[in-house]
Amino acid sequence: MILPVHGHAQICRGCWDQMSVPIPIRGPLAVPFRIFGITRSKMNPNICTICERAFRRVKKHRHISANATILFADIRGYTSLSDRMDPIALSDIVSTFQDKCAQSIWAHDGIVNKQMGDGLMAIFNFPIKIERHAEAAVTAALDIQRRCKTALAAMAKRRVDETANAVGVGVGVHSGTVEIGEFSTVRSDFTAIGGPVNLAARLEAQAAAGEVLISAECAAQVPDLTAGSPTRTLTLKGIEHPVLTHVLSSGG
């Protein structure tokens, strides 16, 4: 049996972790599966479209409760950029952002669950199981900041202007119990819903360019990454009590 290999799995790590079923996604054994439409998922190349489209077959329910870490990332000032940039140049920035985010998330076994133009949502700990999923998500968030900063600076240099240099990324990360599954009768893709998802999105909305805002619940699981970091107490829309966050940047 070909077991999963971190970074370049030969079988679907989601199907293996959730069902202990080895679904080939690379190599000659994967060819018959591709004929029947089972291919690598765009959410993470180490899982397959069974994980993406057939949640009920994997977990035998439309949705389940699971402990996970949710990450949201977004381009800061996108609306302002769209008003003053050439559409082609703007699309290059968005593509670079999405690509760098995906690379960072996949490198830490997360999935890019949703892409919303200038933003995205990622899930850590489903369908690939990650024992220290909060650490994986926070590390991925810092990696997103580093990769995007480097790539956007290179774009600004090629364009010989400061527009891309002015672009930044904000990230929010929160851990908690969410509902993961299929919530639409029209589309069969799975996603996560619940309070932790809403809070992660609110944190991302408050993050300045270059910042990663981490909830206290998530930070408690990654003390080595948040030790000595500044904190910020936020009043967030839809959240009853003030929220304590830890503020990280690509520089530490």
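Begin by selecting N44 together with W106, D109, G110, I111 and I128, since these are the residues that N44 touches once those up to four places away in sequence are set aside. What you have on screen is a predicted model, and N44 sits in its loop between helix 2 (31–35) and helix 3 (49–53). N44 is buried, with a relative accessible area of 0%.

Next, show the side chain of N44 as sticks and follow its polar atoms. One of them lies 2.7 Å from the backbone oxygen of G110, a residue already in your selection as a contact of N44. The side chain of N44 also reaches the backbone nitrogen of N46, again at 2.7 Å.

Now move to helix 8, residues 195–206, and select P196, V197, L199, A200, L203 and E204, which are buried. Looking down the axis of helix 8, you will find its buried residues within an arc of 165°, so they line one face of the helix. If you then place a distance between the end C-alpha atoms of helix 8, the viewer should give 17 Å, which agrees with the 16 Å that its 12 residues should span at 1.5 Å a residue.

Finally, colour the chain by pLDDT, for which the average is 87, with 87% of the residues scoring at least 70. Select residues 1–5, over which pLDDT stays under 50 and for which the model has 10 contacts beyond four places in sequence. Where pLDDT is low, the predicted coordinates should not be read in detail.

Methods
Residues are numbered from 1 along each chain as its sequence is written. This is a predicted model: local features need pLDDT of at least 70, side-chain atom pairs count only at pLDDT 80 or more; totals for chains, interfaces and linings use all residues. Side-chain values use heavy atoms; hydrogens and water are left out. Helices (H or I, at least four residues) and strands (E, at least two) are DSSP runs, numbered from the N terminus. The expected span of a helix is 1.5 Å times one less than its number of residues. Buried means under 20% relative accessible area, exposed over 50%, partly exposed in between (1.4 Å probe, protein chains only). The arc is that of the directions from the helix axis to the C-beta atoms. A polar contact is a pair of N or O atoms within 3.5 Å; within protein, one must be able to donate a hydrogen and the other to accept it, and residues adjacent in sequence count only if both atoms are side-chain atoms. Contact means heavy atoms within 4.5 Å. pLDDT is the predictor's confidence in each residue, from 0 to 100.
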